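Here's a quick walk through one protein model, from the overall layout down to a handful of residues. Keep the structure open while you read.

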Amino acid sequence: MSTSASALAQTLAQHGDEDIAQAVQLFISLRPDFRELLAKVIEEEPIPRYNGTVVSFNREKGFGFLQSDQVTAEFGKDAFCSSNEIGDFRVGSEVTFTVIVNKNNQPQARLLQGPDGSVPQEERGVEVGDDEERRLYCGQVGVSTAQWV
């Protein structure tokens, strides 16, 4: 499953069911042949959701891991989580998520949500360092500035 598919699903998750249904209707008006693929997807079982905890995340490197007993039982290890998915969740956050098997045959978390169904908001900036030496770590692209705050 591609990163762009995950990003599109994350965008859809931020909208209500009626809005999504109307968007799909509009999309089908643009690409009528899509109905066949959509019908096949609807017949399949939904991809399972897992419960877990963010146990590590390095914003500078852009990845971390989610611990889930369910994922460990099924895949034998924690789920990898990229900066594309983490948003504003922090180490210790309880989350639900979908797992795909990535190109390295490893479990990778997609579509994180809080236990209340909240979706992660795009990280706008995180302060790093102590009171005397703070710098701003800018968002998900991993650009570090020399600007003191």
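What pattern does the protein follow when you read along the sequence? This is a predicted model, and its order runs α-α-α-β-β-α-β-α-β-β-β-β-β. Tallied up, that comes to five helices and eight strands.

A few whole-protein numbers help set the scene. The protein has 149 residues, and 28% of them count as buried. Its accessible surface comes to about 10,000 Å², with carbon and sulfur atoms making up 52% of that. As for contacts with a separation of 6 or more, 51% of them are between residues 24 or more positions apart.

**The helix pair**

Take helix α2 (residues 17-30) and helix α3 (residues 34-43). They pack with their axes 9 Å apart, at an angle of about 140 degrees. Angles over 145 degrees would count as roughly antiparallel, so at about 140 degrees α2 is oblique to α3. On the α2 side, Val24, Phe27 and Ile28 make the contact, and they meet Phe34, Arg35 and Leu38 of α3. Sort the residues of this contact by type and you get five nonpolar, no polar and one charged.

**The core**

In soluble globular proteins, nonpolar side chains tend to be buried together. Here, the largest nonpolar core has 14 residues. Which of its residues touch the most other members? Those are Leu66, Phe97 and Leu112. Several strands feed into this core: β1 (49-58), β3, β4 (94-101) and β5 (107-113) each supply at least two residues.

**Ser82 and Gln108**

Now for two residues that touch each other. Serine 82 is found in strand β3 (residues 79-82), while glutamine 108 is found in strand β5. Is serine 82 buried or exposed? The cut-off for buried is under 20% relative accessible area, so serine 82, at 11%, counts as buried. Glutamine 108 has a relative accessibility of 9%, so it counts as buried too.

Leaving aside neighbours within four places in sequence, serine 82 is in contact with Phe57, Gly62, Phe63 and Gln108. Do the same for glutamine 108 and its contacts are Phe80, Ser82, Thr98, Val99, Ile100 and Asn102. Phe80 deserves a look of its own: glutamine 108 and phenylalanine 80 are 28 residues apart in sequence, yet their C-alpha atoms are 4.6 Å apart in space.

**Two positive phi values**

Asparagine 105 and leucine 111 each have a positive phi, in a residue other than glycine. Here they are together:

| Residue | Phi | Place | Relative accessible area |
|---|---|---|---|
| Asparagine 105 | near 60 degrees | loop between β4 and β5 | 61% |
| Leucine 111 | near 55 degrees | strand β5 | 22% |

Where is asparagine 105 placed? You'll find it in the loop between β4 and β5, and its relative accessible area of 61% makes it exposed. Leucine 111 is in strand β5, the strand where glutamine 108 is found. With a relative accessible area of 22%, leucine 111 is partly exposed. Buried would need a value under 20%, which is why leucine 111, at 22%, isn't put in that class.

How values were computed
Residues are numbered from 1 along each chain as its sequence is written. This is a predicted model: local features need pLDDT of at least 70, side-chain atom pairs count only at pLDDT 80 or more; totals for chains, interfaces and linings use all residues. Side-chain values use heavy atoms; hydrogens and water are left out. Helices (H or I, at least four residues) and strands (E, at least two) are DSSP runs, numbered from the N terminus. Buried means under 20% relative accessible area, exposed over 50%, partly exposed in between (1.4 Å probe, protein chains only). Contact means heavy atoms within 4.5 Å. Axes are lines fitted to C-alpha atoms, for helices over the stretch in contact, and angles run from 0 to 180 degrees between N-to-C directions. Angles under 35 degrees count as roughly parallel, over 145 as roughly antiparallel, 65 to 115 as roughly perpendicular and the rest as oblique. Ala, Val, Leu, Ile, Met, Phe, Trp, Tyr, Cys and Pro count as nonpolar, Asp, Glu, Lys and Arg as charged, and the others, Gly among them, as polar. A nonpolar core is a set of buried Ala, Val, Leu, Ile, Met, Phe, Trp, Tyr and Cys residues joined through side-chain atoms within 4.5 Å. Accessible areas come from the Shrake-Rupley method with a 1.4 Å probe; for residues, only the protein chains shown count as cover.
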